Amino acid sequence: MTLTDRFTRAAVPIAEHRARAWPAAVLACAFAVVNTWFVLMQHWSYRTGAFDLGIFDQAVHSYAHGQLPVSTIRDPNLILLGDHFHPILILLAPFHRVFPMAETLLVAQALFFAVSVFPIARLASTTFGRRIGLVIGTCYGLSWGLLNAITFDFHEIAFAVPLLAFGLAEYLHGHPGRAVAIAAPLVLVKEDLGMTLAVLGVLIALRPDTRRLGILTAVGGASASLLSVFVIIPAFSAYGNYRYLGKGGLKAPEAALSGDLFTNDKLWLVMLILLPTLFLALRSPLVLLLLPTLGWRLGSTYILYWIPTFHYDAVLMPIVFCALIHGLALLRPHLVGRRRRLLLPLIATGLSVSCLAFFLQAAASEGPGRPGEFAAAANRLIDRIPANSTVSTTNTIAPHLTSKADVYLLKSNRPTEWTLAPYDDPQLTYRYADLVIRDDDLLLMHHPAPTLPPLRER
């Protein structure tokens, strides 16, 4: 079999029917409850931060009031569409208008991740039976990439996870048109995801009967990414360019790939992504969908892009698990009789052990939440701050204030009306205040005019 023939097999349906929906739906609902509880407990114990929950809360608040997205935490003079292209955030605006708080974004992300469990669990159940299908769905829901994203605040990639999960499930069921229709909004999630859509188009184009659809998808996805990076984002940017092409995201384009493409840490990242699937995902050409995201991350000289700690791996989880299901399906001709009865349960056990180990490791690294005394004191002092004011505060307190005030971080040194921070914070600057309240280890200070006015009314 030639390499092209093997890639072409990726477009062949792996199942002609669909398993019953209710087992996968029950599993998704269970994850919805657990994810929602987890993110709310984390937020209420002050484990979320201004970067990035506070920034996105201010962005969605702008949309909810008919304005372009701006964040005083990020830069009050920067339209956020000039930083990253994520207009899909506007879909959260109606919900944020009704529930104007950071919790709205956290719950939305928790539900998006939970919903993405449904198509993967159902696809696996269709292909291998309900028991193994639910095991694979559970492993996906517990995957470390999703957990890291949940524990690191809210990000626009929350939209990409269900789009990829549903889109690739339709693709493997032999419905490339539906797959493209579902995956097309990826170009509105973030500027690089158009290239992921383009790779999907290439795979679709390998089959003669869907070649035209595949070519249009590939060209459309790549064009959308290039248009976002070189036209739309520079048009909104105060700097007139796209700032994430080099080290730290601030160097010229020629510096974009100046780092080593492969180092021990970068190879470790690739192994971590594939290991929860026992490397069986490599049997499927769907792993090619990993290349656009991994390409810019591994080519970067900025360490935060390629250490497995933040939210960047969440979009890769639906890809590797769909590739796992497809890779196992390609093994079916070799699994007959007793070998099949033994090997599939062994693979399912191996997947469970691997995913659970990574899940526990990632969960343990988070440690306990803030002491209850800190959270209680912070809540009492936040209640004293009136709406439509300006506040300087710390990273973990900021997202609790963005719904009622314009928030700046202490290090920005802005002349805000209020300051709320631990009394021993090294970034705390003691300006003249006509009101000082100490509660536990926190200080709340009110500063008389002249102070910054709020950017908008709430």
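**Exercise 1.** Find the bridge partner of Val391 in strand 5, then place the two strands in their sheet.

*Solution.* In strand 5, Val391 is bridged to Trp418. This is a predicted model, in which local features need pLDDT of at least 70, side-chain atom pairs count only at pLDDT 80 or more, and totals for chains, interfaces and linings use all residues. Residues are numbered from 1 along each chain as its sequence is written, and side-chain values use heavy atoms, without hydrogens and water.

Next, the pairing. Strand 3 (residues 389–393) and strand 5 (residues 418–422) run parallel over 3 bridges. Strands are DSSP runs (E, at least two residues) and helices are too (H or I, at least four), numbered from the N terminus. Two strands pair if DSSP finds at least two bridges between them.

Now the sheet. It is open and mixed, with 5 strands in the order 4-3-5-7-6. Strand 4 (405–409) and strand 6 (435–439) are its edges.

**Exercise 2.** Which residues line the second largest cavity?

*Solution.* Start with the term. A cavity is a set of points on a 1 Å grid over the protein atoms alone, where a 1.4 Å probe fits but cannot get out; lining residues have an atom within 4 Å of a point.

The lining consists of Leu164, Leu168, Ala183, Leu186, Thr196, Leu197, Leu200 and Leu289. Helix 8 (160–172) and helix 10 (193–205) each give two or more residues to this lining. Helix 10 gives the most, with 3 residues.

Methods
On a 1 Å grid over the protein atoms alone, a cavity is a set of points where a 1.4 Å probe fits but cannot get out, and a pocket is an open set with protein on both sides within 12 Å along at least five of seven lines; lining residues have an atom within 4 Å of a point.
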